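Work through the following exercises with the sequence and the model side by side, trying each task before reading its solution.

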Amino acid sequence: MRKNFGAKPYTYPQPVFIIATYGPDGTPDAMNAAWGGISDTTELSMCLSAGHKTTKNILERKAFTVHMADATHVMECDYVGVVSANDVPDKLAKAGFHTTKSEFVDAPLIDELAMAVECRLVSYDPQTCRLLGEIVNVSVDESVLTTDGKVDVAKLAPIAFDPVNNAYHKLGEKVGSAFSDGLKLK
């Protein structure tokens, strides 16, 4: 038996993205966003309302970085989502985050978050709040790489948003091999 919830934004997993930008005066800013994902091989899209300071910064600077929130920094990542930079201009610093300027786009990299997708703005529709970014680079701290240079998901410990229970969950154990396990049914 199934229970119907109606039209809700319930999907799993929902990544927890920390979007970082520079304000007009160069102050780093960041926000927490869960509604987004890859939309093409070099594109990332997400839903960001026009009222966010971060959205205004993206429209002005035409660039942003998207960090994978992790289990180590749950409190800090949640903080940048519950406090507005319109009210607390230095909220990134208050979260205890430090930044380094990206080599590829006019946006900051958050030093404490090990993985970031560096993007240029492609488009933004204020009616639908849909933002589209071109992926210019992906940077990953060596501390979360395997010995052969790939991302180790266990070390990265990315978190997902549970929209039903308003909770964060760390991604779990490997349960299969993509593009391989299904071949057994051929």
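**Exercise 1.** Find which residues of helix 2 (residues 74-82) are buried, and decide how they are placed around the axis.

*Solution.* Begin with the burial values, where buried means under 20% relative accessible area, exposed over 50% and partly exposed in between, with a 1.4 Å probe and protein chains only. By this criterion the buried residues of helix 2 are Glu-76, Cys-77 and Val-80. They lie on the same side of helix 2, because they cover an arc of only 100° around the axis, the arc being that of the directions from the helix axis to the C-beta atoms. As background, an α-helix has 3.6 residues a turn, so residues three or four places apart point the same way. Turn next to the other side of helix 2, where Met-75 and Val-82 are exposed. Finally, look at what covers the buried residues of helix 2: this includes strand 2, strand 3 and helix 3 (91-94). Helices (H or I, at least four residues) and strands (E, at least two) are DSSP runs, numbered from the N terminus.

The model is predicted, so local features need pLDDT of at least 70 and side-chain atom pairs count only at pLDDT 80 or more, whereas totals for chains, interfaces and linings use all residues. Residues are numbered from 1 along each chain as its sequence is written, and side-chain values use heavy atoms, with hydrogens and water left out.

**Exercise 2.** Describe the largest nonpolar core and say which strand gives the most to it.

*Solution.* A nonpolar core is a set of buried Ala, Val, Leu, Ile, Met, Phe, Trp, Tyr and Cys residues joined through side-chain atoms within 4.5 Å. The largest one has 22 residues, and those with the most contacts inside it are Ile-19, Met-46, Phe-64, Val-66 and Leu-131. At least two residues of this core come from each of strand 2 (17-22), strand 3 (28-33), strand 5 (43-47), strand 6 (63-68), strand 9 (115-125) and strand 10 (130-140). Strand 9 gives the most, with five residues. Apart from this core lies another, of 15 residues, among them Ile-18, Val-80, Leu-92 and Phe-161.

**Exercise 3.** Establish how strand 10 is joined to strand 9 and to strand 5.

*Solution.* Two strands pair if DSSP finds at least two bridges between them. Strand 9 and strand 10 run antiparallel and are joined by ten bridges, with Asp-125 opposite Arg-130. These two strands form a hairpin with four residues between them, and Cys-129 in the turn has a positive phi of about 65°. Five bridges join strand 10 to strand 5, also antiparallel, and here Leu-44 stands opposite Gly-133.

Note on methods:
Contact means heavy atoms within 4.5 Å.
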